[in-house]
Amino acid sequence: MKSILIVEDDITYGMMLKTWLGKKGFQVASVSSIARAQKHLETEGADLILSDLRLPDKDGIDLLKWLGEQGLSIPLIMMTSYADIQSAVQAMKLGASDYVAKPVNPDELLKKISEAMKQPAAPPRQTISSGKGESTHQKDAGGTPSSDYLEGESDAAKQLYNYVRLVAPTTMSVLINGASGTGKEYVAHRIHQLSKRTGQPFVAIDCGSIPKELAASEFFGHVKGSFTGALTDKTGAFVAANGGTIFLDEIGNLSYEVQIQLLRALQERKIRPVGSNKEITVDVRLVSATNEDLEQAIEKGTFRQDLFHRINEFTLRMPELKDRREDILLFANFFLDQANRELDKQLIGFDDAASRALLEYHWPGNLRQMKNVVRRATLLAQDQLITLKELTELQQVTHPHVGLPLRNEEAEKHQIIEALRQTGNNKSRAAQLLGIDRKTLYNKLKLYEIES
């Protein structure tokens, strides 16, 4: 029988956990302080520790340090309130197996206990001031760490990636809908990785950057001499992606004429390079993305309805960062780890004021903006923690009527107006200040009917 030590100063809550885990087949002991936990571990030991972060004498991080000093490799799951997620992330950097937010979800806790007990615990790191910013990575289905993205723990993130795992093995065309900077290309990559085409090519095209007259060549290729400037044969994206996945980012930017050519290629599964009489059979899985309302574009006559139905067999909607607050500090620490490696720095996290600012900010540029903000703050920071002083971008755009409730749209509209005011209506600089691209800014100006 596996043994669990609960370290919890709320006696009633500790007894409730003890009783429940006992019914699940564990041998459970409960103590109310770090000192008593240390004594129990010295005399009785444990297969797993379930510890509150805040305790009367010390905190869970002190217990982790003590485990490291004693050389005890016991998996520890940290229990924390929502406001202390920043500390829980630091605890995982010190060697905690996982953390769970209070109030504890029983099924989630049982799953995390099972996962922690299946694998040997890594030796706890002995001090947070060693400055080594180890990163915590997501793992793919094969167990391979992916160091370039974090999926998140919020309900919105879990629902999104449940849908990704559901649709990936099928042959359905997927449309990813979401604002700029939310991670649409990562989701497209993930669909490819989890599909039956994973060993085949993944080819991405930014439809917004292709001139209308060159789109056919980019998609289907061309033969030498087919038009002015065609000095050699060119392999198009559909042939390059044959057998694999083609990702068309910002598909709503394609001209109407190119939409007709794309629809034909998808329907007939054949393409003809520009200037060639030869048709080439292709087998590609299509994943598209847009930050526009394509159904509204159909009503306006700028997007073909038949193409929309062809690319939209399954829709994934990307949550914005402001709608997944549980993930904000997770992503901030994740980007900090990346910046530490890139800039050869050794920061360990954010102080309390900086953490609050990260949580309260509206993040109009989503993950892309946060990555830039954290990277710059990492470069500027002089101590081990990032402070509010380094997060200058978060202080430049303020909300009016502090303390009054605002709808998200009102706050976003005000941020845009304020950014334009601060930059003298320079849209490029305003977009940079907001952490979004010019195209997104123009879309927002139109949406909110903001006159320059």
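Me: On a 1 Å grid over the protein atoms alone, a pocket is an open set of points where a 1.4 Å probe fits, with protein on both sides within 12 Å along at least five of seven lines, and its lining residues have an atom within 4 Å of a point. With that in mind, how many residues line the second largest pocket, and which lie nearest its centre?
Reply: Happy to help! This is a predicted model. In it, 33 residues line the second largest pocket, and Asn-291, Glu-292, Asp-293, Gln-296 and Leu-447 are the ones nearest its centre.

Me: How much space is in there?
Reply: The second largest pocket holds about 1,100 Å³.

Me: Which elements each give at least two residues to its lining?
Reply: Those are β8, α11 (294–300), β16 (314–317), α17 (408–422) and α19 (438–447).

Me: And what's the mix of residue classes in the lining?
Reply: There are 14 polar, eleven charged and eight nonpolar residues in the lining of that pocket.

Me: Switching to confidence: what's the average pLDDT for the protein?
Reply: The average is 82, and 87% of the residues reach at least 70. Of the elements, strand β8 (residues 174–177) has the highest mean pLDDT, 96, while strand β6 (residues 138–139) has the lowest, 34.

Me: Where does pLDDT stay under 50?
Reply: One such stretch is residues 121–147, for which the model has 62 contacts beyond four places in sequence. Residues 397–407 are also below 50, with 13 contacts beyond near neighbours in sequence.

Me: OK, Glu-8 next. Is Glu-8 buried or exposed, and why?
Reply: Glu-8 counts as buried because its relative accessible area is 1%, and buried means under 20%. Glu-8 sits in the loop between β1 (3–7) and α1 (11–23).

Me: What does the side chain of Glu-8 reach?
Reply: The Glu-8 side chain reaches the backbone nitrogen of Asp-10 at 2.9 Å. Leaving out residues up to four places away in sequence, Glu-8 also touches several others, including Tyr-13, Asp-52, Met-79 and Lys-102.

Me: How about Lys-389, buried or exposed?
Reply: Lys-389 is exposed, since its relative accessible area is 63% and the cut-off is over 50%. Lys-389 lies in the loop between β18 (385–386) and α16 (393–396).

Me: Last one: what's at the start of α3?
Reply: There, a side-chain oxygen of Asp-59 comes within 3.0 Å of the backbone nitrogen of Ile-61. Within helix α3 (residues 60–70), the buried residues include Ile-61, Leu-64 and Trp-66. After α3 comes Gly-71, with a positive phi near 70 degrees.

Terms used. Residues are numbered from 1 along each chain as its sequence is written. This is a predicted model: local features need pLDDT of at least 70, side-chain atom pairs count only at pLDDT 80 or more; totals for chains, interfaces and linings use all residues. Side-chain values use heavy atoms; hydrogens and water are left out. Helices (H or I, at least four residues) and strands (E, at least two) are DSSP runs, numbered from the N terminus. Buried means under 20% relative accessible area, exposed over 50%, partly exposed in between (1.4 Å probe, protein chains only). pLDDT is the predictor's confidence in each residue, from 0 to 100. Contact means heavy atoms within 4.5 Å. A polar contact is a pair of N or O atoms within 3.5 Å; within protein, one must be able to donate a hydrogen and the other to accept it, and residues adjacent in sequence count only if both atoms are side-chain atoms. Grid points are joined across faces, edges and corners, and a volume is the space filled by probe spheres set on the points. Ala, Val, Leu, Ile, Met, Phe, Trp, Tyr, Cys and Pro count as nonpolar, Asp, Glu, Lys and Arg as charged, and the others, Gly among them, as polar.
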